[in-house]
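Here are a few notes to help you find your way around this one. Have the structure open beside you as you read.

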Amino acid sequence: MNIHEHQAKDLLRKYGVATSGGGAAFSPEEAEKIAATIPTEVKVVKAQIHAGGRGKGHFKEKEAGEKGGVRFAKSPAEARALAEQMLNHTLVTIQTGPAGREVKRLYLSEATSIGRELYLSALVDRASSRVAFIASTEGGMDIEKVAHDTPDKILTLTIDPASGLQPFHSRKIAFALGLTGGQIKECAAMIEGLYRLVLEKDVSLIEINPLVVTTDGHLIALDAKMSFDSNALFRHPDIVALRDENEEDPMEIEAARHELSYIKLDGSIGCMVNGAGLAMATMDIIKLYGSEPANFLDVGGGASKEKVQAAFKIILSDPSVKGILVNIFGGIMRCDIIAEGIVAAAREMAITVPLVVRLEGTNVDLGKEILAKSGLKIVPADDLADAAAKITSAIKVAA
């Protein structure tokens with residue numbers, strides 16, 4: 001789960017990480033009031049969406065102006081005018097894709113006098129099963145580009161969970177960032193806060209880009225991105241309260257309500273599979289046969305008839321779906337239950353796109369019999385390759 005920049009900064013401050021001051025505004029009136037409380041002459045007005053590249057982005061609508069998602073105001077009245085331009089308009093960045101994201105809130109903050117821009121992140125490194133810190137002197141840039149062009153400018157440091165964070169870790173990061181004097185102590189406090197935040201709140205990623213050294217020599221997190229382990233959210237109701245469903249795919253939200261693992265993709269073949277590994281294999285073979293999957297959807301090992309129906313509704317709510325491939329291996333899950341769910345969903349929703357079903361495992365003969373006697377246009381498949389060939393062929397004919 002992702003949160004907005006202003007929420008991430010609120011959390012960072014609770015853990016002793018210095019950030020620029022400010023507040024979130026949901027209306028032009030709020031923007032004006034918050035701007036009036038900001039002591040710096042220049043106030044920064046930043047669009048809040050779950051995507052990077054806001055400063056270099058652009059709004060679709062002409063009335064939003066030609067500037068990007070990060071603007072500057074010299075008075076509360078000017079902050080209000082900028083808010084009127086930006087709120088409820090669609091911001092397009094390199095990370096949103098051409099569809100963009102509608103801006104529902106803004107973050108107004110102090111302007112910071114920047115001496116140097118650095119990069120710092122803390123994340124769960126799956127390769128080492130440790131918390132890792134990544135630091136670079138090339139702040140304000142895409143870290144992937146830095147890693148590709150100048151990998152020598154990136155330091156990656158993993159923390160052994162048995163011994164935990166030690167003072168030498170912080171010193172090594174501070175030296176790699178070229179910090180001196182009191183900045184080293186500030187960096188150590190920041191690293192300690194980030195480490196505690198990752199452990200205590202099940203954070204999967206904290207990215208501070210840029211981390212700036214101000215002209216008077218202090219460290220401040222100027223921007224912040226934060227993501228949490230969704231599987232651990234049950235432990236953190238305070239974090240769940242920060243969730244902004246406006247920033248999430250409606251189909252993914254609906255899938256979560258039914259405890260389905262669903263991710264929207266860009267293809268035309270809707271997939272319903274049980275088991276993450278089988279789902280990945282199904283998507284791979286669809287691509288092998290020349291088409292693209294429209295989604296990843298894992299109904300799990302013990303799906304009910306109702307769950308299968310819900311899965312079908314989610315798949316069919318995607319207008320890009322031109323055909324559906326069901327690939328079920330019944331171990332814990334019974335094939336007859338899946339078949340009943342497929343038939344019920346097909347009848348309720350009057351499915352008009354081609355539907356190919358491959359069943360194997362527990363009660364497979366009974367499941368195939370249910371599909372055959374349904375009277376519906378359901379194409380059976382003998383194996384995964386047969387299923388992929390039939391669905392790709394069917395959508396070409398339908399087109």
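1. Keep in mind that this is a predicted model. A good place to start is strand S5, residues 70-73, where the side chains alternate. Arg71 and Ala73 point to one face and are buried, while Val70 and Phe72 point to the other face and are not buried. As background, side chains in a regular strand alternate between the two faces of the sheet.

2. Next, look at what S5 pairs with. Strand S3, residues 43-47, runs antiparallel to S5, and 4 bridges join the two. If you want one pair to click on, take valine 45, whose bridge partner in S5 is arginine 71. That is the arginine whose side chain is on the buried face of S5.

3. On to the cysteines. How many disulfides are there? The count comes to 0. Take cysteine 271: the closest cysteine sulfur, in cysteine 335, is 18 Å away, so the two are too far apart for a bond, given that a disulfide needs the sulfur atoms within 2.5 Å. Cysteine 271 is also buried, at 2% relative accessibility. Cysteine 187 is buried too, with a relative accessible area of 0%.

4. Finally, the helices. H10 (residues 305-316) packs against H11 (residues 335-349) with the axes 8 Å apart and at an angle of about 45°, which means H10 is oblique to H11. Their crossing is right-handed. The residues that meet include Val308, Phe312 and Leu316 from H10, and Ile338, Ile342 and Ala345 from H11.

Methods: Residues numbered from 1 in each chain as written. Predicted model: local features only at pLDDT ≥ 70, side-chain atom pairs only at ≥ 80, totals over all residues. Heavy atoms only, no water. Buried < 20%, exposed > 50% of the residue type's maximum accessible area, 1.4 Å probe, protein only. Pairing = 2+ DSSP bridges. Axes fitted to C-alpha atoms, helices over the stretch in contact; angles between N-to-C directions. Parallel < 35°, antiparallel > 145°, perpendicular 65-115°, else oblique. Left-handed = near helix turned anticlockwise from the far one by under 90°. Contact = heavy atoms within 4.5 Å.
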